[in-house]
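Let's take a walk through this one together, starting where two chains meet. Have the viewer open and turn things around as you read.

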Amino acid sequence: MRRIVSHIGLIFFSAVVLLPILWVLRTSLVPEHLSYSSQILPELTLDNYVALFTTKHFGNNYLNSILVAVGSVIVAMPLACTTGYAFARFRTSGRAGRFSVLATQMLPPVALALPTFMFYRTVGLTNSLPGLMLVYAALNLPFLTWILMGFFESVPSDLEGAAMTDGATAWGAFWRIVLPVAAPGIAAAAVLGFILSWNEFLFALILGGPRTATVPVALASLQTSNGVEIAKVSAGVSLAILPLMIASRFIQRYLVQGLSFGSVK
Amino acid sequence: MASIRLQTVSKAYGSDLYGVKDVDLTIEDGEFICFLGPSGCGKSTTLRMIAGLEDVTDGAIWIGDKDMTRAAPRDRNVAVVFQSYALYPHMSVRQNMEFGLKMRGVSLAQRNDRIDTVSEILGLGPYLDRKPAALSGGQRQRVALGRAMVREPDVFLMDEPLSNLDAKLRAEMRLELIKLHRRLGRTTIFVTHDQVEAMTMGDRICIMRDGHLVQVGKPLEVYANPVDTFVAQFLASPAMNLLDARLEKGLQDEEVVATALGHFPLSADQVSAYDAARGRKLLLGLRPEDIHEADAPGRVAFKAEIVAVEALGTENIVVFNVAGQEFTARLGRHFIPAIGSTVPLYGDPRQMHLFDAETTRAYPRPSSGPVSNKED
């Protein structure tokens, strides 16, 4: 009896979370004029998806998003790894210093957007993909550093001691031992960085242009003065969710895995 | 192969907080030396300084004929076996052992050769392709040892390597390490807080306390002539009994040590040896094995109220009470007094130790000669 009750509860809350997403998927698969109908599946069609790619250049937007998100992760991760490791191991600058890593995260993003825009305009980085990659890398760096700090702290420092007496330099110990051991954490942080960049809207809107519009910007542009093209928005959102679903599978797998599996005791 | 020389080595954290202070020690080539002390006494820190894993604040460390005080760990040709084993979790047993050899540019053929030899000695053959996570504690311990052995280092540094093993395995590994040391003949420093390990394994033991080196010597010498009450109590389990004492004249004007257990008579050589103790507040030290259930000429009798008996099969550890103070005796296995009963026990005055109550320093025992607290 208790199991039934708890299952009913779980089903209810799952529905609360899942139904909006399922409804988006449903709306993306029915013709535009039936979007707001109360029927669950009046007619099935892929027209919205086709229209998105043929009339709205969604393919370009998707590619932009992938390039920018992957690029920002590639730029940010080496920096976040070395910085996080330094903070984790060398007790540099104390607690206050560690917290200051997160200082920029405490500002509302819009406070940073305007100065960044002025700067980007001066150096000519507006409306360019590398410009977006850089700004995402910069925005995510503190957060990624913070996460990695925790992962590196959980790697026993004896491992580096062992590596260094075995003949490795400090850098060698980091590269050959610490990084592979912390790989699950690094992977999780990279996926998180990808998700943050993938979803970012404000900077993409302000710093980008038509050529560099990412998925969130493209979706926003479907809310026109003639109304919201809800079917295409739904199709776009469904596609935008896809990489995140794959990514979160990865995160789960890596985060659950222990870090120092079998190195000690 | 190398000797090790520590010259007034200190490790400070901040301006006046010392982890290790002014340690002077020479370790001979091929010697097996144990650093013994309670946790936080600086023994591991000293070991890590020798390995190069901790900076030396003051003093110098020589390995062989080279000043290695500021050398990087990899330039010292030492191998460390960590308490945590510190096996590389993402590498197989073979790769763990191979890592140090690769780092030093040893050829593939030689690497395989050495790994085969060492894994044969340690019985690691069947596990070479396993990851550390798939090994038992004892096997991991062997891999950690093997990783150090394949390197053929000048010096083995072992930081409580047996403390994570169960009692039986620990005893086995203790013997095996001694055999290995005989076979390899490498200078070995073995850090432990277990006095049995230190007593049984070391050519010499080095007792540390609060960052200071308190006493260095052969195990039995240190056991027989502890320099102070700390060493006396730390080096054995159960610990040495200590009781307030004073040098006095006995009934026939002979010299005695007056204690709660009675008057311990002094022999002629003891009288001259303990001359300096006259008039001082003293502590008399009597090891549990120097208290007996049977009388013999010269022994001092006292009435003991039995508080607890730990029957160990080979012997009985008996806790008893005299004049409100508890003492411990190590008695024969057939002597099992009833708890609460009062029985006569006998102390052996020839085996007693005398310490100054204020300084806790020992008065050198007769025939033992002076005991130095530092090696030159």
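What follows is a tour of the interface between two chains, and then a look at one annotated stretch.

Keep in mind that this is a predicted model. Start with the contact itself: chain B puts in 26 residues and chain A puts in 20 residues. Together, chain B and chain A bury about 2,200 Å² between them, and 64% of that area comes from carbon and sulfur atoms.

Now for the charged and polar links. Two salt bridges turn up across the interface of chain B and chain A. A pair you can pick out by eye is B:R151 with A:D166, a salt bridge whose closest N and O atoms sit 3.0 Å apart. There are also ten residue pairs in polar contact across this interface, counting pairs where both residues are at pLDDT 80 or more.

So which elements of chain B give two or more residues to the side that touches chain A? They are α1 (43-51), β6 (78-81), α2 (93-103) and α4 (137-150) of chain B. Of these, α2(B) gives the most, with three residues. Sort that side of chain B by residue class and you get 16 nonpolar, four polar and six charged residues.

Finally, zoom out along chain B. The UniProt record, an unreviewed entry, places "domain: ABC transporter" at residues 4-235 of chain B. Over residues 4-235 the chain is 37% helix and 26% strand. Check the two ends of that stretch in chain B too: their C-alpha atoms are 24 Å apart.

Definitions and conventions
Residues numbered from 1 in each chain as written. Chains lettered and ligands numbered in written order. Predicted model: local features only at pLDDT ≥ 70, side-chain atom pairs only at ≥ 80, totals over all residues. Heavy atoms only, no water. Contact = heavy atoms within 4.5 Å. Buried area = accessible area lost by both parts, 1.4 Å probe. Salt bridge = Lys/Arg side-chain N within 4 Å of Asp/Glu carboxyl O. Polar contact = N/O pair within 3.5 Å; in protein donor to acceptor, adjacent residues only side chain to side chain. Helix = DSSP H or I, 4+ residues; strand = E, 2+ residues; numbered from the N terminus. Nonpolar A, V, L, I, M, F, W, Y, C, P; charged D, E, K, R; others polar. UniProt positions renumbered as here; feature names shortened; annotations may be inferred.
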